[in-house]
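Colleague: I'm new to this one, so could you walk me through it? I'll ask, you answer.

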Amino acid sequence: RRRDVVLAHATPAERLASPYYLGGTVGRYANRIRDGHLVVGDRTCRLPTNDRGNTLHGGPDGFDRRLWSLEDWSHDHASFALASPDGDMGFPGAVSAVATYSLVDATRLRVEYTAVTDAPTVVNLTNHAYVNLAGHPGTIDDHLLQVRASSYLPVDATGIPLGSAASVEGTAFDLTAPRRLGAVVRQPHPQLVAAQGIDHNYVLDPGGPAAVLSCPGARLEMTLTTTEPGLQVYTGNFLDGTLAASSGALLRQGDGIALEPQRFPD
């Protein structure tokens, strides 16, 4: 039975105006940079802030809010390009980015990002699709999530890592075996309480898939592999019922989960 398992906006205009990153290709730097302060070599850059005093997902006019150009396509792939000039959102160097989506076979989708720059800079591109394997409307409470990571990055009240990674063993963040998300996010762990759920970067262990998300009731499973060292797990904590999905349903906290392979925040 076909079902729509990815949350989306109803119109392109809503997508470009949205602060929720539904389905977005985020950059120039995914996740957060503290205080919008970036040092690249001997160059200090001030980035515009858009999340509790920090720069999130490239700033208020990040790559997810741009119109990308369709460069190449066929029955099984599409490639989109974006040119980001030197100084774009405060980042140094001009960057030419390409996002390619390919159907490998009937059950596998490959998302590949490449970027070329003319000066030292930072680039951290990722996909911000929200998934709900049961279809929507509905929550991800009954989804099971397993993440191949023995440590994660605790964060301060603004989502910035506090320092070195912490072990997940014996904590609410231990997803080394499949766990029901509804039970995980409601544990009284101070990190979960402050973030209103999971919004943390997992430090991936080598070998095997990064994550496996399943919904037993829907008889669907999604396996995620990546070349990146981290995986930001975000349980849709700030969906507040003010945004309508393409189905017309209002999206609320926990209606979707984003699994974002990426470099570490800050």
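**A strand pair and its surroundings**

Modeller: Sure, and keep in mind that this is a predicted model. Let's begin with a single pairing: Val98 has Thr114 as its bridge partner in β9.

Colleague: How many bridges join strand β8 to β9?

Modeller: Strand β8 covers residues 95–105, and Val98 with its partner Thr114 in β9 gives you one place to look. The two strands run antiparallel. The number of bridges joining β8 to β9 is ten.

Colleague: Which are the edge strands of the sheet?

Modeller: Four strands make up this open sheet, paired antiparallel in the order β6-β7-β8-β9. An edge strand here is one that pairs on one side only. That applies to β6 (69–73) and β9 (108–117). Ignoring direction, neighbouring strands of the sheet are turned against each other by 20° on average. So the edge strands, by the rule that two strands pair if at least two bridges are found between them, are β6 and β9.

Colleague: Is Leu109 buried or exposed?

Modeller: Leu109 sits in strand β9. It also belongs to a nonpolar patch on the surface, together with Leu103 and Val111, and the three have about 270 Å² of accessible area together. The cut-off for exposed is over 50% relative accessible area. Leu109 has 58% relative accessibility, so it counts as exposed.

Colleague: Now the loops. Which peptide bond is cis, with omega near 5°?

Modeller: Look at the loop between β1 (24–26) and β2 (32–33), where you'll find Arg28. The cis bond leads into that residue, and it runs from Gly27 to Arg28.

Colleague: What is the phi of Asn31, and is that residue buried or exposed?

Modeller: Asn31 is found in the loop between β1 and β2. Its phi is positive, near 75°, in a residue other than glycine. Buried means under 20% relative accessible area. Asn31 has a relative accessible area of 1%, so the word for it is buried.

Colleague: And Arg219, buried or exposed?

Modeller: Arg219 lies in the loop between β17 (211–215) and β18 (220–224). Arg219 is not a glycine either, yet it has a positive phi of about 55°. Its relative accessibility is 78%, and because exposed means over 50%, Arg219 counts as exposed.

Methods
Residues numbered from 1 in each chain as written. Predicted model: local features only at pLDDT ≥ 70, side-chain atom pairs only at ≥ 80, totals over all residues. Heavy atoms only, no water. Buried < 20%, exposed > 50% of the residue type's maximum accessible area, 1.4 Å probe, protein only. Axes fitted to C-alpha atoms, helices over the stretch in contact; angles between N-to-C directions. Patch = residues over 30% accessible without salt bridge, like charges linked within 9 Å, V, L, I, M, F, W, Y side chains within 5 Å. Areas by Shrake-Rupley, 256 points an atom, 1.4 Å probe, with all protein chains shown as cover. Salt bridge = Lys/Arg side-chain N within 4 Å of Asp/Glu carboxyl O.
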